[in-house]
Amino acid sequence: MAAAGADGFRALDEVSLVEYIKATPSLRAQLGEQLEGLAIKEVGDGNLNFVYIVAGPAGSFVIKQAIPYVRCIGTSWPLTKERAYFESLALKEHGSLCPNHVPQVYHFDRPMSLIAMRYLEPPHIILRKGLIAGIEYPLLAQHMSDYLARTLFFTSLLYHATLEHRHAVAEFCGNAELCRLTEQVVFSDPYMVSQYNRWTSPHLDHDVEAVRHDDILKIEVAELKSMFCERAQALIHGDLHTGSVMVTIDSTQVIDPEFAFYGPMGFDIGAFLGNLILAFFSQDGHADKDNDRTVYKQWILRTIEETWNLFHHNFVSLWNENFDGHGEAYLVDIYNKTELQLLVQKKYMTDLFHDALGFGAAKMIRRIVGVAHVEDFESISDETKRALCERRALDCAKTILKERRKFETISQIF
């Protein structure tokens, strides 16, 4: 077993993890105290962490350990291990608000930056992989809109008293390093020359140059960056792309909230919708003579539309149910007329819609010209075909970002 550092941290592997489990009562209990014949497999395919599936005769769980650098880059890009602490907090908070769609946490070890949580057994797969395979998920929009509405409403000032809210904001301010990473890779690097940027070259060279010289785009992105840095609206997941959702036909589970902090609600909504739009534009690259993906593209568009519309309905319903509660954004003694409440809600939801479109577009752009790309496009082996799909997505994102305030309904963006 690797020696622990001064802070008590040591990176685990398949062998040392067994010893760790044996020494941890809560994990032994989760396995029914049956430690013989454990199967351990490292499955982390993300950019940052190591993830192990631990399965025994009488139980199973997932171990996720944060390491002190960006895994996909290496030790040249250091990153705080404390992200695991904020992930565990967010999983517990969001899990209490939406237990049907957030896996349960069994154990957290802060010095080891380690979380043990429910293993989402097969046939659960990463949503992004399902979208690439062309699988329809009939309950996806319903489940994600429920998750978004509940986690965002109940951690906002529409439900919180201001003192309670400020305490929660202060706790998550400690996740500043991961917020700063987002600021860099989403709002800065794609719009300038950066050593980490990459794209399908030479096919998109001109497109990348155009992004760097688009002054209107830069002005819009600056506004979004300010909102991301300054607006502590709700406890957001912070990285809610289609790789952070695991699904079956009837189950939807949101994972990996290590970027969680109190930020703008539209960032979560936009991240999810923007990644669905990326999936839409990638479909032509996955089409073949047996399936042109036309029907599937229509399903994706319906899912995008239904997710926002159901979110809007669910969020406003929660607001109406709690309008005379202890939330201090709109005190009932001031907003005491039905017509005034309706005006307040209409403005709030319109602003939130435009925020979501802007953040979604920014997330799309960074996945095409920034450091971390998406498998939706990367799995298209024909570079010419891939670049064509990426260019269409990039052009769509730029239009949405610049013109988002013109849209009144989600169906208008296509």
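# Briefing: cores, sheets and buried positions

The largest nonpolar core of this structure comprises 113 residues, and F311 and F315 are those with the most contacts inside it. Helix α12, spanning residues 338–369, gives the most to this core, contributing 14 residues. A second, separate core has 15 residues, with L17, L27, L31 and L35 among them. The model is predicted.

**Core residue F311 and helix α5**

- Leaving aside neighbours within four places in sequence, F311 is in contact with S145, L148, A149 and L152, and also with I269, E306, M349 and L352.
- Of these contacts of F311, S145, L148, A149 and L152 are among the buried residues of helix α5.
- Helix α5 covers residues 140–153, a run of 14 residues.
- From its first C-alpha to its last, α5 reaches 20 Å, close to the 20 Å expected at 1.5 Å a residue.
- Eleven of the 14 residues of α5 are buried, so the helix is largely enclosed by the rest of the structure.
- The buried residues of α5 also include L140, A141, H143 and M144, together with Y147, T151 and F153.

**Residue I368 in helix α12**

- I368 is located in helix α12, the helix that gives the most to the largest nonpolar core.
- With a relative accessibility of 0%, I368 counts as buried, the cut-off being under 20% relative accessible area.
- Apart from neighbours within four places in sequence, the residues in contact with I368 are R198, W199, L204, L278, H373, F377, E390, A393 and L394.
- I368 and P190 are separated by 178 residues in sequence, yet their C-alpha atoms are 8.8 Å apart in space.

**Residue N175 in the loop between α6 and α7**

- N175 is placed in the loop that lies between α6 (162–172) and α7 (176–188).
- Although N175 lies in a loop, it is buried, with a relative accessible area of 1%.
- A polar atom of the N175 side chain lies 2.9 Å from the backbone oxygen of E258.
- Not counting residues up to four places away in sequence, N175 touches R83 and F86, as well as E258, F259 and A260.
- E258 therefore appears both in the 2.9 Å approach to the N175 side chain and among the residues that buried N175 touches.

**Five-stranded sheet**

- Five strands form an open sheet in the order β1-β2-β3-β7-β6, and their pairing is antiparallel.
- The edges are occupied by β1 (39–42) and β6 (105–109); each has a single partner strand, so one side of each is left without a neighbour in the sheet.
- From one strand to the next, the twist averages 20 degrees.
- Edge strand β6 pairs with β7 (residues 114–117) in the antiparallel sense over four bridges.
- F108 has I115 in β7 as its bridge partner.

**Three-stranded sheet**

- A further open sheet has three strands in the order β8-β10-β11, again with antiparallel pairing.
- Here β8 (125–126) and β11 (252–254) stand at the edges with a single partner strand each, so one side of each has no neighbour in the sheet.
- Strand β10 (residues 245–247) and β11 pair in the antiparallel sense over three bridges.
- Opposite M246 stands Q253, which belongs to β11.

Technical notes. Residues are numbered from 1 along each chain as its sequence is written. This is a predicted model: local features need pLDDT of at least 70, side-chain atom pairs count only at pLDDT 80 or more; totals for chains, interfaces and linings use all residues. Side-chain values use heavy atoms; hydrogens and water are left out. Helices (H or I, at least four residues) and strands (E, at least two) are DSSP runs, numbered from the N terminus. The expected span of a helix is 1.5 Å times one less than its number of residues. Buried means under 20% relative accessible area, exposed over 50%, partly exposed in between (1.4 Å probe, protein chains only). Two strands pair if DSSP finds at least two bridges between them. Axes are lines fitted to C-alpha atoms, for helices over the stretch in contact, and angles run from 0 to 180 degrees between N-to-C directions. A polar contact is a pair of N or O atoms within 3.5 Å; within protein, one must be able to donate a hydrogen and the other to accept it, and residues adjacent in sequence count only if both atoms are side-chain atoms. Contact means heavy atoms within 4.5 Å. A nonpolar core is a set of buried Ala, Val, Leu, Ile, Met, Phe, Trp, Tyr and Cys residues joined through side-chain atoms within 4.5 Å.
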